[in-house]
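Please work through the exercises below with the sequence and the 3D structure open beside you. Try each task before you read its solution.

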Amino acid sequence: MDRPTVVFVGNPNTGKSTLFNHLTNANAQVSNYPGTTVGHAVGELSLPHLGPVRCVDVPGTYSLAARSADERVALEAVLGLGDRPLPDVLVVLLDAPRLARSLYLALQLLELQVPIVFALNMMDEAEAAGQVPDADVLADELGAPVVPMVARRGLGADALLQALEQTLRGEHPAPGPPHRFSEPLRQDAEAALAALPAEMRPPGLPGARAVALGLWVLLSLDDDDALADLELDRSLLATIREQARSSGRDLVSEIVGQRYAWIDAHVSALYGGPLRLQHAVQDRIDRVVLHPISGGLLFALVMFVVFQALFTWSAPLVDGIDASFGWLAGLVAPGFEAVAGSLAGPPRTLVETLGDLVVEGLIGGVGAVLVFIPQIALLFLFIALLEGSGYLARAAYLMDRVLRLAGLPGQAFVPLLSGYACAVPAILATRTMPRWRDRLLTMMVLPLTSCSARLPVYTLLVAALFPPKIEGFPLPVQATALFAMYVFSTVVTVLAAVVLGGTVLAERPVPAMLELPPYRVPHLPTVLRSVRGAVSTFVREAGQVILFATVALWALLSFPRHAPEDLLAPEVIAEAVASGADLEALARPLALERSAGGYLGHLIEPVIAPLGYDWKIGVGLIGSFAAREVFVSTMGLVYGISEEVGSDDLSLHEKLRAERRADGSPTYTPLTGISIMVFFALAMQCLSTLAVLRRETAGWRWPAFITVYMFALAWCLSFLIYQGGRALGFE
Amino acid sequence: MTLDQLAPGQTAIIREVGGTGVFRRRLLELGLLPGTRVLRTGQAPLGDPLSFRVRGTLLSIRSADASLVEVIA
C-alpha cells in the first residue's frame, strides 16, 4: 500500500506551518505546485503503528471559495483533483481564541465528507484571554476528533498523532457537515455541478460532496480571473443565479449565511458565554505600534534595520563568498597553466581554453549564484520574524495609503524597499503578497528600483564626468547627481506601476482587506524553515539559469580566442618584450574587440549611437548583463587598464575623459554620462533578476514582457535626454 | 450610517453589505454578515485604512470599502 497522505489546512496565522514543522521535524521540501506559482511543503511524519505518512502543507486560506490561486491549490489538494492524490485524512487547524473565523473553513471542509482531525491550536492564548472553548463539546458537534494543542510548544502533538492513526485505521468515519443547507440551495448546487468540466467532477461523487462542489462552483466561479483557464458552462451558472434572483434569493448570502448561522448558534455555548469584542492586551500594543508618531518612528526604525541588513550587513558575507571563489580560482588556475605549459600546439590551446572555462566560467558562475544567498537569507529572516510577530501585516496597514498612489497594496512596501538593495531577494519577498495580480505588478516594477549594483556605474560616471562644483549651484554637484538618480528611479517605479496597473494588469477593484494577527513571539524553527526554503528554492530553481547564463556571457566575451601574437603589431611585441611588459594584458582590449561580444558591440552601435554611445559602451552594456556593476570592470578591460578596476579608479576616469569620437569631440560628456545613467536606471540588464522572475511567474512570458518594456523605456528616455540635451546646446 | 462613519471605540450591528461580485462575497465570507457586531478600533496614521474587530479578528479595511457596509449604531 502507498503511504497515506495527510493534508494540513487552516486559516493564515493559526500556527499551521508551526505544527507542520513540528510534526515533520522540519524535513519538508518547499516547492511549487506543478504549473503554478503557489508554494507548498511536503514532508513526512512517522506514526507509532502505521509508520511513515506523507504530509502536505497547503497555503493558509480563509475559504475554499474565493478568488486566488492559493485557494484553488488548497481546494485541489483537499479534493484530490488533477494529479494530486486524494488525501486520506485532513488535519484542520482551528484557532482556539477565534473559533468563529476558523469554523467557517472547517464547515466547508466538513461538507466534503472526508476524514478530518481537528487541531484546536493556540489554547494558551485562549486561556490567557479567559475564553477557552470546550474541545469535547466541539468534537461532539463536529463529529470528528478535536485535539487541544499549543503547537509552538509541541503540546498535544502525541494526542494528534494518536487521533491521526485512529482515523487512518477507519476508527472515525468521515464526518458530515453539522449544518444543513436549505432544500432550494441544495437543488441549485446539484444543478451547478454540471457547469464543471468532467475532470473536476469525478464519477460516483457521493451526494454530499456533490452538493459541496456545486456550492463551490456557485460561490467562486463567476468572473474569476485566477480560474479563467477552467472550461465552465458559464451560461448554465448565469441561468441558475438569475432564476434564484427572480424569486428574491441571493445565492451568495444564502450559502455564506447558512454556514455562519450554525456558527453563531454554537460558538457561545462552546466558550460557555458570549465572546468579548475587545482584546485588552493586543489593543494596548496597537495603540503604540499604530500611533501616528510612535508607530511612525517604530516603522522607520524597523525598515531602516531591514534595509541596513540587506545593504550593509550582507556586504562582508558577499565579499567573503567573492573572496573564497577568487581563492578557489587562484588555486585551480596554476594547475591548468602548468599542464598547458608542458604542451604545445592545439592541445595546449585546448587545455588553456578548458582552464579558462573552469576558472572564469564555472567557478565564476557558481559564485554568481551563491553571492545572492546572504541577502536572500537575511531578508527572509527579517520577513519571517516580522510575520511571526504580527508586525508585517501592520507594516502593510501603515503603508497602504502611501502605496495606493502607485495602485499597490501596503504589502508591496517591504519588497519595494528591498529592491533598493537587490531585486533578486526583493522579487522572492513578493511571496508575502496574497493577491497574484498585486504580486505580479510589484514584480514588474521592482527591477526599476535603484539596486546597489547600479551604484558603482553611477559613481564611475559621476566622478569621471561631473565637475565637483558649478558656479551658482550651491550643492555639491556629484552628490546631488547621485541623489537625483535615486529620486528618478523612485518616480519611474511609481509611474510604471500606475501605467502597468491601469493597462496590462487592469482589473476591477477588489477590497483590500487584511487581517492584523495577534502579536506573538516568532517561533524560531518556523522562521528558520522559511529562510531555508527561500534559499533552497532559489539555488535549485533559479541557480541553474544564472549559472548557465553566466557561462554563456563569459563565452561571448572570450570567443573566438586569439593569441597575443596575432593581435599585436610586431614592433609593439618587440617593445613589450624588451621592456618586460605583459603581452597578454596589452592584447586584452583587442581580444575583447574581436570576441563575439565585441562584434556584438559593433553590431548594436547603430542602435545605441543616437543615445550618444559608441561600440565600447555597447560592449560594456553587454557585459553588464551578468550584473550591472560589471560595466565598470568591462570598461576597465575595454580601455586596457585591468579587470580589477574600481569605480573610483583615476586612470579609468582619465581614459574616459580622453576618449574621442571620429570628429574629435569627446565621447564622454556630462550629457553622455546622464544618458548612460538613465539607461542603467531603466534597462533590464540583469540575468539573475530574469532567472528569478521566470521562477516566480512560472514561465518566460512575463520576464520577456518586462525585458521589452524596460529596454523600450530605457532607449526612449536616454534618446530624449541625449538628443534633447544636444538640441538645447548642452554637451 | 455606514461602517466608515463609526468613531473609534464605537460598536455597531451590520445591516446590509453592499457592493457586488467578489467584493461582496469576500466581505461576507470574512463574517461581515447582517446582524454581526463590529467594533471600530482605529485607523492608520494617514487616516486610511480603518481597523475593525469582527468575530474576534482584527481586520484592516479601506474606508472606501467600509462605506459599502451599512450599520446600525
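The exercises that follow go from the whole chain to single helices, cysteines and loops.

This is a predicted model, in which local features need pLDDT of at least 70 and side-chain atom pairs count only at pLDDT 80 or more, while totals for chains, interfaces and linings use all residues. Residues are numbered from 1 along each chain as its sequence is written, chains are lettered from A and ligands numbered from 1 in the order in which they are written, and side-chain values use heavy atoms, with hydrogens and water left out.

**Exercise 1. Describe chain A as a whole.**

Solution. Begin with the secondary structure: chain A has 31 helices and eight strands, where helices (H or I, at least four residues) and strands (E, at least two) are DSSP runs numbered from the N terminus. Next take the extent, for the C-alpha trace of chain A spans about 95 × 65 × 50 Å along its principal axes. Then turn to burial: of the 731 residues of chain A, 52% count as buried, and here buried means under 20% relative accessible area, exposed means over 50%, and partly exposed lies in between (1.4 Å probe, protein chains only).

**Exercise 2. Work out how helices H21 and H30 of chain A pack.**

Solution. Helix H21 covers residues 524-558 and helix H30 covers residues 687-697, and the two pack at an angle of about 140° with their axes 9 Å apart. The axes are lines fitted to C-alpha atoms, for helices over the stretch in contact, and angles run from 0 to 180 degrees between N-to-C directions. The angle makes H21(A) oblique to H30(A), because angles under 35 degrees count as roughly parallel, over 145 as roughly antiparallel, 65 to 115 as roughly perpendicular and the rest as oblique. Among the residues that meet, H21(A) brings A:Phe538 and A:Val545, and H30(A) brings A:Leu687 and A:Arg694; contact means heavy atoms within 4.5 Å.

**Exercise 3. Find which helices the buried residues of H19(A) pack against.**

Solution. First list the buried residues of helix H19 (residues 455-465) of chain A, which include A:Tyr458, A:Leu461 and A:Leu465. Then look for their partners, which are helix H20 (477-502), helix H27 (630-638), helix H28 (650-658) and helix H29 (670-682) of chain A.

**Exercise 4. Explain why A:Cys422 and A:Cys451 do not form a disulfide.**

Solution. A disulfide is a pair of cysteine sulfur atoms within 2.5 Å. The cysteine sulfur closest to that of A:Cys422 is in A:Cys451, but it is 6.4 Å away and therefore too far for a bond. Over all chains, the structure holds zero disulfides. As for accessibility, A:Cys422 is buried at a relative accessible area of 11%, whereas A:Cys716 is partly exposed at 42%.

**Exercise 5. Compare the settings of A:Asn13 and A:Met122.**

Solution. Start with A:Asn13, whose phi is near 65°, a positive value in a residue other than glycine. A:Asn13 sits in the loop between S1 and helix H1 (16-23) of chain A, and it is partly exposed, with a relative accessible area of 28%. Continue with A:Met122, which is not a glycine but has a positive phi of about 65°. A:Met122 sits in the loop between strand S6 (116-121) and helix H4 (123-128) of chain A, and at 8% relative accessibility it counts as buried.
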